[in-house]
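Subject: A structure for you to look at

Hi,

Here is the structure I promised to pass on. Have a look at it first, and then read on for what turned up.

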Amino acid sequence: MSTVSVGLYFSHKIIYILEKPNVTFSCSNPYTINEGDNSTCVCRGEDGNPPANVTWYDKNGVQIGVTGKEGQTLPLSNVSATDRGNYTCRAQSHTLADNKSIEVKIRLNFKPSNTNIMFTPKRAVVGESVTITCISEGFPEPSYSIIHNATEVSTNKTYTIDDMQHRHAGIYTCVAMNKLGNDSASGNLTVIVKPYNTKITITPEKTEVGTSVNITCYSEGRPEPRYSITHNRIVLNTGKTCTISKVKLSDAGTYECIAWNKLGNDSASAYLTVEVKPYNTKITITPEEVKVGTSVNITCYSEGRPEPRYNITYNRIVLSTGKTYTISKANLSDAGTYECIAWNKLGNDSASANLTVQVKPENTKITITQEGVLDSPVTITCSSKGRPEPNYTITHNGTMPSAGRMYIIPKVKWSDAGTYKCIAENKLGRDSAFAYLTFKGNTYDNTDNGTTVVVWHIVVTLVSGFILGILFSYIASCSRRRWFNNRKPERNSEPKTTEVDTTYQELDLSKMNTEDNYQSLSVNAASNDVANDDDSTYTQLSKTRDVEDNYQSLT
């Protein structure tokens with residue numbers, strides 16, 4: 001309540017009723033002013049009578065500004081830190097006054113600090129909503145920029161992703177800015193998802209035996225995936241990396257990286273090639289034994305990296321530069337050894353196999369090393385072309401002295417003379433050839449008494465037959481045949497004599513071979529007067545009947 005003083009004045013005087021003013025402020029107490037701003041706080045003296053005069057005093061009690069009627073603005077401009085403190089406003093109506101103080105605070109300018117970025121929720125799920133919020137201290141109030149992967153996505157304090165996807169995950173940066181500078185903070189937005197984009201790297205992917213190889217797994221996913229590295233479905237390592245210090249050939253193959261977390265798994269694979277020169281080379285001939293005219297397939301196979309290239313050769317002549325070769329109609333000249341040569345940039349390997357072309361014996365031959373010389377060695381040899389290799393039999397006048405391809409007579413005798421036959425035989429057939437063993441340059445040996453007696457009787461028989469033929473020409477054929485028949489027992493039954501004056505050669509009519517061949521040795525044309533002459537020679541007469549009953553005479 002105001003105190004009213006009543007005064008009495010006389011003429012020409014005005015009577016005033018005094019009322020005390022009441023100080024009020026248009027601003028809050030304390031009053032905060034931003035650094036550099038001007039004060040806008042007004043002090044009013046209300047309800048004073050007469051109207052109050054209003055004056056501001058600083059913190060030291062010194063009047064500032066001018067006195068205003070009923071109201072006055074605090075006279076502070078471009079405030080700074082020195083302007084902070086208590087200021088008093090005085091409102092006075094005549095002798096009545098009211099004083100009130102107000103505290104002035106100065107809000108100083110400073111660049112943004114304590115900047116932070118928040119994600120709500122902290123781990124986002126694909127398809128759901130996420131809000132990103134920036135917070136910073138600074139004066140003047142900062143402005144904001146939200147950046148994702150170097151791209152500005154918002155200029156506000158908040159950024160909302162309504163449909164979260166994998167591409168939204170990653171680092172977000174909040175930049176707070178005012179005229180005094182800027183501040184920033186970053187955070188990682190995690191998207192909970194099973195592993196994806198899984199990769200496996202093998203370094204190097206191609207290598208040689210004995211070198212080192214590194215295998216690395218990588219995958220994206222939240223929570224962070226765990227890993228297994230497998231080779232041919234066998235777990236080699238449960239980490240992200242695996243090292244093979246010395247590669248073996250068995251290390252080649254497919255390697256798989258399996259990444260997994262509580263939401264699922266993902267995998268990727270890669271192939272390791274171990275390079276090695278060809279090995280385990282093989283050649284197959286199908287069939288290995290064939291008859292003339294049939295087809296033959298030859299196939300090469302080898303292991304090696306890079307994949308080997310091939311040559312198929314026969315007698316060092318290249319028949320094919322591929323893995324296979326076909327002989328459409330085999331002949332005898334195709335028989336022999338075939339070689340498969342497999343090669344790559346690291347080296348080569350080879351294998352061989354034999355082709356047997358089956359054919360019955362042909363071009364059979366029998367050879368006698370020399371004409372017979374009594375008591376000298378003679379070698380009789382058979383040869384023939386045929387597959388399988390022929391078995392050989394050598395016969396002499398129908399008998400079989402040898403079951404092999406060679407027959408050796410250490411000391412040849414007269415009885416060894418005659419026809420020798422070579423028979424070559426295999427499962428496909430047989431072939432044969434003939435040769436004749438004769439003697440030359442040998443004289444009669446008078447120590448061979450048995451042979452001489454036989455020859456003598458033969459000569460007597462021939463001479464007697466010749467004489468009887470002349471006397472009995474009318475019965476020449478019949479009588480001669482009967483006479484020969486009658487004389488054979490007599491001739492055979494005669495005892496052998498020990499001496500003879502005439503040299504004869506043996507005539508053996510008792511030996512007949514399987515080819516119906518006969519051998520005859522006859523007296524030379526020399527007379528009996530020169531029978532004892534050392535130069536007297538005899539020649540062999542061999543009558544051979546062939547399959548057409550023809551006869552040949554060898555002199």
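Let me start with a question: is Trp 56 buried or exposed? Trp 56 is buried, because its relative accessible area is 0%. Please keep in mind that this is a predicted model.

Where does that residue sit? Trp 56 belongs to strand S4, which covers residues 53-57 and runs antiparallel to strand S7 (residues 85-93), with five bridges joining the two. Across from Trp 56, in S7, stands Cys 89.

Both strands are part of an open sheet of five strands. Its order is S2-S8-S7-S4-S5, and the pairing is mixed. At the edges are strand S2 (31-34) and strand S5 (63-69), each of which pairs on one side only. On average, neighbouring strands in this sheet are turned by 25° against each other, direction ignored.

Now for the aromatic rings. A search of the whole structure gives three aromatic pairs, and I will describe two of them here.

One of them brings us back to Trp 56: with Phe 25 it forms a tilted pair, 5.6 Å centre to centre and with 40° between the planes. The two partners come from distant parts of the chain, since Phe 25 lies in strand S1 (residues 22-25) and Trp 56 in strand S4, 31 residues apart. Phe 25 counts as partly exposed, because its relative accessibility is 23%, whereas Trp 56 is buried.

Another is the pair of Phe 119 and Tyr 172, which is edge-to-face, with 5.9 Å from centre to centre and 70° between the planes. This pair also links distant parts of the chain: Phe 119 is in strand S9 (residues 110-120) and Tyr 172 in strand S15 (residues 170-178), 53 residues apart. Both Phe 119 and Tyr 172 are buried.

Last, do take a look at strand S19 (residues 226-231). This strand is mostly covered, with five of its six residues buried. S19 pairs with strand S22 (residues 253-261) in the antiparallel sense over six bridges, and there Tyr 227 has Ala 259 in S22 as its bridge partner. S19 also pairs with strand S20 (residues 234-237), again antiparallel, over three bridges; here Thr 230 is matched with Val 235 in S20. The hairpin of S19 and S20 has two residues between the strands, and Asn 232 in this hairpin takes a positive phi near 55°.

Happy exploring, and do write back with any questions!

Best wishes

Key:
Residues numbered from 1 in each chain as written. Predicted model: local features only at pLDDT ≥ 70, side-chain atom pairs only at ≥ 80, totals over all residues. Heavy atoms only, no water. Pairing = 2+ DSSP bridges. Helix = DSSP H or I, 4+ residues; strand = E, 2+ residues; numbered from the N terminus. Axes fitted to C-alpha atoms, helices over the stretch in contact; angles between N-to-C directions. Phe/Tyr/Trp six-rings, centres within 6.5 Å; stacked < 30°, edge-to-face > 60°. Buried < 20%, exposed > 50% of the residue type's maximum accessible area, 1.4 Å probe, protein only.
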